[in-house]
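These entries record what I looked up in one protein model. I took the enclosed space, the aromatic rings and one helix in turn.

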Amino acid sequence: MPVLPIRDMARFLADKPAVLDKGPLAIILVEDAAAVAQTVQHHLERGFRHVLLLSDQPQDLSEAVAARVTHLRHDTRRPAAHVDAVNAIIAAVPEGTWLYYGFNAEFLFHPFCETRSVGEMLAFHTEERRPAMLTYVIDLYAPDLNACPDAVDLENAMFDRTGYYALGRKGPDGQPRERQLDFHGGLRWRYEEYLPADRRRIDRIALFRAAKGLTVTADHRFSVEEYNTYSCPWHHNLTAAIASFRVAKALVRNPGSRDEISDMTWRNSHRFDWSGQQLMDLGLMEPGQWF
């Protein structure tokens, strides 16, 4: 497979190449070697026009896939590495461009994704005057950590079918924020003692429209409060889900947890079948008025 050339991100964005002219575009930050090619392939199959792959290491992709991917140099291993990268891309693309951001070994699903592309869904969401979409990060994990010590098992992935809940989100004045909630569950809930309090939420505004002055924060929210809402005031809106091995990988790698966790499965573990319908059936994403 060809090795993608690594381009300087600042120079690439300053040149404003044609691939940035129209979305939806996917931004994927590569933190390690887990399932990189599968992550890229999945998002191209979802219907993203182009993938911006961010890392400082060479990446091997098939020739067919590589034609729709631009590899940009970025230090993705430092804390909150997504902030500078996503904000730079927001500033470089035309206003109104739909963007997605996630990490390797994370896979976006949306309602009826088996028959409708992400572009079709976002066109509908735009007509509903929504500039962003809430996504729930659903933790995936290997059922056998001895066989898969990095906790990544694409063939036999498991997830928690219950244990999800939401709490009211308060602003700096202590008052509840309108149409905003903090969502919890999955491995972040079951192993919360190993995660800092500010990393226990499973909500992320991963799909959004670029706007002048818009910035993302380290905790996966945006500087414009309406972007952080789960729906508009008058009815329920679409939500999506990100099936992610990211927390599982961290738990088996970090010194504070790796010797304490020998098995991530429990009585509510369920086989992940890689379908959007399964996530909708369990209430882990919302079709809203989508039809």
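**Entry 1: the cavity**

I began with the largest cavity and found 14 residues lining it, with Leu134, Arg169, Leu181, Asp203 and Asn228 lying nearest its centre. The model is a predicted one. I then searched the whole structure, which returned 1 cavity of 30 Å³ or more. The space in the largest cavity comes to about 60 Å³.

I next asked which elements give two or more residues to this lining. They are β10 and β11, the latter spanning residues 203-209. Strand β10 supplies 4 residues, the largest share of the lining. Sorted by class, the lining holds 5 nonpolar, 4 polar and 5 charged residues.

**Entry 2: aromatic pairs**

I searched the whole structure for aromatic pairs and recorded 12. For Phe109 and Phe272, the ring centres are 5.6 Å apart and the planes meet at 85°; an angle over 60 degrees counts as edge-to-face, so I entered the pair as such. I then located the two partners along the chain. Phe109 belongs to strand β6 (residues 106-109), while Phe272 sits in the loop between β13 (269-271) and α8 (276-281); the pair links distant parts of the chain, 163 residues apart. I noted Phe109 and Phe272 as buried.

I also examined Tyr136 and Phe183, an edge-to-face pair with 4.9 Å from centre to centre and 70° between the planes. Here, too, distant parts of the chain are linked: Tyr136 lies in strand β7 (residues 132-139) and Phe183 in strand β10 (residues 176-184), 47 residues apart. Tyr136 and Phe183 are both buried.

**Entry 3: a cluster and a charge over a ring**

I asked which residues form one aromatic cluster together with Phe109 and Phe272. They are Phe107, Phe159 and Trp274. I separately noted Arg246, which lies over the face of Phe103 at 3.6 Å from the ring centre.

**Entry 4: helix α7**

I turned to helix α7 (residues 246-253) and asked how many of its 8 residues are buried. The count is 6, so I recorded the helix as largely enclosed by the rest of the structure. The buried residues are Val247, Ala248, Lys249, Ala250, Leu251 and Val252. I listed Lys249 among the buried residues of α7. Lastly, I looked up what covers the buried residues of α7, and the cover includes β7 and α6 (186-190). Strand β7 had already entered these notes as the strand that holds Tyr136.

Key
Residues are numbered from 1 along each chain as its sequence is written. This is a predicted model: local features need pLDDT of at least 70, side-chain atom pairs count only at pLDDT 80 or more; totals for chains, interfaces and linings use all residues. Side-chain values use heavy atoms; hydrogens and water are left out. Rings of Phe, Tyr and Trp (its six-membered ring) pair if their centres lie within 6.5 Å; planes under 30 degrees apart count as stacked, over 60 as edge-to-face and the rest as tilted. Buried means under 20% relative accessible area, exposed over 50%, partly exposed in between (1.4 Å probe, protein chains only). A charge sits over a ring if NZ of Lys or CZ of Arg is within 6 Å of the ring centre and within 35 degrees of the ring normal. On a 1 Å grid over the protein atoms alone, a cavity is a set of points where a 1.4 Å probe fits but cannot get out, and a pocket is an open set with protein on both sides within 12 Å along at least five of seven lines; lining residues have an atom within 4 Å of a point. Grid points are joined across faces, edges and corners, and a volume is the space filled by probe spheres set on the points. Ala, Val, Leu, Ile, Met, Phe, Trp, Tyr, Cys and Pro count as nonpolar, Asp, Glu, Lys and Arg as charged, and the others, Gly among them, as polar. Contact means heavy atoms within 4.5 Å.
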